[in-house]
Amino acid sequence: LEQDKQLLLRYSTLDELKRGKERKLAEIDSKIKMLQANISSLQQQIDYEQKQAANFERSGRPVPPAMVAKLQGLRQEMKVSESQKISREQELAVETSRFDKEIERYIYLDQKRGKHH
């Protein structure tokens, strides 16, 4: 199989394949952590802006349009970050599964190869 040839060409040892998996998953996990930190920061900003807006409302004054716009922008940014985080989490699951299958296949091919030599 062409896939098998490619797999054996890409990785010369099982350890190399496992390190490749660790590197790729760590890279994705790092992106997830960055997005989570961004989401937390955005949530704090939204909470602060909402308190400020509530202060205006309580005192009977209209919420300044700039504050309303800022809140809308923060909420939009939050949606985008949450969506990106979900995508990265899905990517993590897909890559984990792909590497696990490649490792399984590599072990099988390596054993098969060992019997012929």
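Visitor: What does Lys-24 count as at 24% relative accessibility?

Guide: Buried means under 20% relative accessible area, exposed means over 50%, and partly exposed lies in between (1.4 Å probe, protein chains only). At 24%, Lys-24 therefore counts as partly exposed. The model is predicted: local features need pLDDT of at least 70, side-chain atom pairs pLDDT 80 or more, while totals for chains, interfaces and linings use all residues. Residues are numbered from 1 along each chain as its sequence is written, and side-chain values use heavy atoms, without hydrogens or water.

Visitor: Which residue forms a salt bridge with Lys-24?

Guide: A salt bridge puts a side-chain nitrogen of Lys or Arg within 4 Å of a carboxyl oxygen of Asp or Glu. Here the partner is Glu-27, with the closest N and O atoms 3.8 Å apart. Glu-27 is partly exposed, at 39%.

Visitor: Where do the two lie?

Guide: Helices are DSSP runs of H or I, at least four residues, numbered from the N terminus. Both residues sit in helix H2 (residues 14-58), 3 residues apart, about one turn of the helix.

Visitor: How many salt bridges are there by this rule?

Guide: The count is 13. One of them joins Asp-4 and Arg-105, at 2.6 Å between the closest N and O atoms. That pair links distant parts of the chain: Asp-4 is in helix H1 (residues 2-10), Arg-105 in helix H3 (residues 65-116), 101 residues apart. Asp-4 is buried at 11%. Arg-105 is partly exposed at 29%.

Visitor: Which residues are linked in a network of salt bridges?

Guide: Arg-10, Glu-95, Arg-98 and Glu-102. Within it, Glu-95 and Arg-98 meet at 2.7 Å, N to O. Both lie in helix H3, 3 residues apart. Glu-95 is buried at 13%, whereas Arg-98 is partly exposed at 34%.
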